[in-house]
Amino acid sequence: MPGTGTRPLRSKQRRSALRTAAFMSPWLIGFSVFFVYPLLSTLYFSFTRYDGFRQPSFNGVDNWSYVFSDYPLFWPAMRNTLWLVLVMVTCRVAFGLGIGLLITKIKTATGVFRTLFYLPYLAPPVAATLAFVFLLNPGTGPVNTLLDAVGLPTPGWFTDADWSKPALTALALWGVGDLMVIFMAALLDVPKEQYEAAELDGAGAWARFRHITLPNISPIIMFAVVTGVIQAMQYYAQPLVAGKVAAGVIGGSGQQFEPGYPDKSTLTLPQLVYNLGFQRFDYGTACVVALVLFALSMAFTALLMRRRGALIGAGG
């Protein structure tokens, strides 16, 4: 009878699909509860007036219009966040790769150097930021004292809007031990036969790096860049603590502090989300900023994944 032979096959496929769904159900439940539902809720609240106490009331695109047109802190925070993504992430990846290359070339005491470079990464972010603010204090810090002793300019660092983001970048470079370890593992995994063949062909150090090292570790570089972008998009504690300490606001919870000192130069989008949502109880506007942050993260990640082929091709 036509079609009877396909019924057992369809039943088997149905059972296989149900079995697969059963095995995937823990992930599906977690993904729905902890990602899809919060994302949809954030999107819904972005079109409402909601303070966390009264029922949300729909107000159309008023929150979106306010953030993009009238909120004076949004665009400075956007520029600072993009600066950190472009400059700080690039510097961390380049510095981490350079340190990894250097340590893999050292023949003695590699464990000591590896430990010394990795230890700063273990320091708590708040404690590390406090230490950096005091080290870079323009009046009494040892860094400016040393610069003044050798006749070099003494920047204001965290008290100067032009130097606050470079100071945060220096703090990020100090804790680059995580990338160093990742790059060292990737570099040690590159086949030595390829280097030996390149040396026999007369290739120099730069040619070996470009045509052998870079193509082999390009997936690790992409991983470091993507995770670095995500971390930069979530950059909250270090600029907030640095701004507070530099401004002299180090007291208890009774003190009011507008993030971004000095002159909005350390203000980031995650700070706006917290300030709007948990200090001003303007959850609708905070959800708009959170969605912008999410969209930026997805856009950067998609762009980097599309450029991965170009990065691999650059070494060929």
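How many Å apart are the mean positions of the positive and negative charges of the protein chain? In this predicted model, the answer is 16 Å, with 23 positive and 15 negative charges going into the two means. That sets the scene for a look at the chain as a whole, followed by a walk through some of its residues.

Start with the overall build. The protein chain has 14 helices and 2 strands. Its radius of gyration comes out at 25 Å, while the globule rule gives 20 Å for 316 residues; the value for the chain is well over that, so the chain is more spread out than a compact globule. The C-alpha trace tells its own part of the story, spanning about 95 × 70 × 30 Å along the principal axes.

What about inside and outside? Of the 316 residues in the protein chain, 36% are buried. The surface that the chain exposes adds up to about 18,500 Å², and carbon and sulfur atoms supply 66% of that area. The contacts can be sorted by how far apart the partners sit in the sequence: among contacts with a separation of 6 or more, 68% are between residues 24 or more positions apart.

Disulfides can be dealt with quickly, since a search of the whole structure finds 0 of them. Two cysteines are still worth a glance. C91 has a relative accessible area of 31%, which makes it partly exposed, as this value falls between the 20% and 50% cut-offs. C287, on the other hand, has a relative accessible area of 12% and is buried, because that is under 20%.

Helix 11 is a good place to see how a helix can be covered. It runs over residues 237-247, and 8 of its 11 residues are buried. Which residues of helix 11 are buried? They are Q238, P239, L240, V241, A242, G243, V245 and A246. As for their neighbours, the buried residues of this helix pack against helix 5 (125-135), helix 7 (164-174) and helix 12 (269-279). Just after helix 11 comes G248, with a positive phi of about 85 degrees.

Now for some backbone oddities. Most residues other than glycine have a negative phi, and most peptide bonds are trans. Against that background, the loop between helix 11 and helix 12 has something to show. P262 lies in this loop, and the bond joining Y261 and P262 is a cis peptide bond, with omega at about 0 degrees. D263 also has its place in the loop between helix 11 and helix 12. Phi of D263 is near 55 degrees, a positive value in a residue that is not glycine. Is D263 buried or exposed? With 64% relative accessibility, D263 counts as exposed, since the cut-off is over 50%.

F281 is another case of this kind. It has a positive phi of about 55 degrees although it is not a glycine, and it lies in the loop between helix 12 and helix 13. F281 counts as partly exposed, at 36% relative accessibility.

Moving on to helix 13 (residues 283-306), T301 is found there. At 23% relative accessibility, T301 counts as partly exposed, because the value is not under the 20% needed for buried. T301 and M222 are 79 residues apart along the chain, and their C-alpha atoms are separated by 9.8 Å.

Two polar names round off the tour: D178 and N144. D178 lies in helix 8 (residues 177-188) and counts as buried, at 14% relative accessibility. Leaving aside residues up to four places away in sequence, D178 touches R92, Y118 and Y121.

N144 belongs to helix 6 (residues 142-149). Its relative accessible area is 4%, so N144 is buried. Which residues does N144 touch, not counting those up to four places away in sequence? The list is N137, P138, T154, P155 and W157. Y261, the residue at the cis peptide bond, can be compared with N144 as well: the two are 117 residues apart along the chain, and 20 Å separates their C-alpha atoms.

Notes
Residues are numbered from 1 along each chain as its sequence is written. This is a predicted model: local features need pLDDT of at least 70, side-chain atom pairs count only at pLDDT 80 or more; totals for chains, interfaces and linings use all residues. Side-chain values use heavy atoms; hydrogens and water are left out. Helices (H or I, at least four residues) and strands (E, at least two) are DSSP runs, numbered from the N terminus. The radius of gyration is taken over C-alpha atoms; the globule rule is 2.2 Å times the number of residues to the power 0.38. Buried means under 20% relative accessible area, exposed over 50%, partly exposed in between (1.4 Å probe, protein chains only). Contact means heavy atoms within 4.5 Å. Accessible areas come from the Shrake-Rupley method with a 1.4 Å probe; for residues, only the protein chains shown count as cover. Lys and Arg count as positive and Asp and Glu as negative; His and the chain ends are not counted. The place of a charge is taken as NZ of Lys, CZ of Arg, CG of Asp or CD of Glu. A disulfide is a pair of cysteine sulfur atoms within 2.5 Å.
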